[in-house]
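Biologist: I'm new to this one. Can you show it to me and take me through how you label things?

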Amino acid sequence: MEESGGGERIRSRFVAGQTLGEAIAACRELRAAGILATLDHLGENVTTEADADRSLGAALTALGELDREGIAATISVKLTQFGMDLDAGLFRNRAEALAGTAAASDRRVEIDMESSRYTAATLEVAGRLHGMFGNTRAVIQAYLKRSAGDIDRLNSLGIPVRLCKGAYLEGPEVAFAAKTDVDASYRRLMGELFRRGSSPAIATHDEAIIDEAIALASAKGLRPEDFEFQMLYGVRRELQQRLVSRGYQVRVYVPYGEAWYPYFMRRLAERPANVWFAIRQITGE
Ligand code: FDA
């Protein structure tokens, strides 16, 4: 896809690049700063099996490149990128192929969580892959009302969880609408993860919650290597660095590829100031 200079500047605020090479360069830079990565080849809701196969191909190529470079990154993937919307159910086989290959080089696969209509099936796949390979991390969204039950089940099964607030537009029947309710839910679920979870990943840029996570971990006698913070590429870099300098593990989600638009729009929606940033880049002001 061709891009204008403005488009390039906007995208590069949140996306590491359009090619795997650029994403690997971003992982190298993060590594030099003491930060871990999870690599995400952008794409979602593919409409053909051929596109789903291409997505799997891209993820497998990324694994190979990480191995060659000796970069200790995980891989993040969305199951709709592997064909979850298509009838044949082949997304399960593709997820299995990715997790199996990742397991061979001792890497974790993080199964991103999409909108609530996919939650049950996504968690089912994450559970099955964990049973087969033991290298899966599931994602729980604090805005969903069902998440307390889900985290309970994942904790009982010893499945590691990335806890985030949730980035999709959801109705009040399934999700908390008020930010205060989402934050309260996040805190409750985080408490459960630190009590009974396995290798919790606290995925947020919310400094108050991060401070509480540090206090909880220290009250439980956890060491920095027992859990990790996760943040998005391009967001709160100084906070990422501050946590690393205090000895905590930080992993940054590194998205790359040509299908960056939906991901980018979710980042804009999260924070009104980002919309002004985008307008300034387009108008050159
Ligand atoms: P909150 O929105 O309260 O923001 C706290 C502060 O962080 C803000 O005040 C601001 O300083 C900063 N900030 C947050 N978002 C920003 C942005 N876009 N630009 C600039 N600054 C920003 N969601 C999902 O539904 N499924 C998933 O699989 C994932 N995966 C995932 C992985 C990782 C590593 C992270 C960090 C996040 C996700 N998310 C996600 C996204 C998540 O659900 C949520 O939408 C964002 O992280 C924003 O929420 P915060 O927790 O940062 O808090």
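Modeller: Let's start with a term: a polar contact is a pair of N or O atoms within 3.5 Å (inside the protein, one must be able to donate a hydrogen and the other to accept it, and sequence neighbours count only through side-chain atoms on both sides). What you see is a predicted model, where local features need pLDDT of at least 70 and side-chain atom pairs need 80 or more, while totals for chains, interfaces and linings use all residues. Residues are numbered from 1 along each chain, and side-chain values use heavy atoms, without hydrogens and water.

Biologist: What makes Lys165 a polar contact of the ligand?

Modeller: A polar side-chain atom of Lys165 sits 2.7 Å from a ligand oxygen, and the limit is 3.5 Å, so the pair counts. His205 also has a side-chain N or O atom 2.7 Å from an oxygen of the ligand. With Arg162, the partner is a ligand nitrogen, at 3.0 Å. The protein buries 88% of the 920 Å² that the ligand exposes when taken alone (Shrake-Rupley areas, 1.4 Å probe).

Biologist: Which residues of the shell are closest to the ligand?

Modeller: Gly166, Lys179, Thr204, His205 and Glu270 are the closest of the 27 that surround the ligand; to be near, a residue needs a heavy atom within 4 Å. That shell has 11 nonpolar, six polar and 10 charged residues. Strand β7 (228–232) gives the most, three residues.

Biologist: Why is the ligand's space called a pocket and not a cavity?

Modeller: On a 1 Å grid over the protein atoms alone, a cavity is where a 1.4 Å probe fits but cannot get out, whereas a pocket is an open set with protein on both sides within 12 Å along at least five of seven lines. The ligand takes the space of the largest pocket, so more than half of its atoms lie within 2 Å of that pocket's grid points. The volume there is about 1,400 Å³.

Biologist: What lines the largest pocket?

Modeller: There are 45 lining residues, with Lys165, Gly166, Ala167, Arg267 and Glu270 nearest the centre. Helix α10 supplies the largest share, six residues. By class, the lining splits into 22 nonpolar, eight polar and 15 charged.

Biologist: How many cavities of 30 Å³ or more does the search find?

Modeller: One, in the whole structure. The largest cavity has about 60 Å³, and its lining includes Leu39, His41, Phe82 and Tyr256. Elements β1 (36–41), α3 (49–69) and β2 (74–77) each supply at least two lining residues.

Biologist: How do you know which classes line the largest cavity?

Modeller: Asp, Glu, Lys and Arg count as charged, and this lining has none of that class, with seven nonpolar and four polar residues.

Note on methods. On a 1 Å grid over the protein atoms alone, a cavity is a set of points where a 1.4 Å probe fits but cannot get out, and a pocket is an open set with protein on both sides within 12 Å along at least five of seven lines; lining residues have an atom within 4 Å of a point. Helices (H or I, at least four residues) and strands (E, at least two) are DSSP runs, numbered from the N terminus. Grid points are joined across faces, edges and corners, and a volume is the space filled by probe spheres set on the points.
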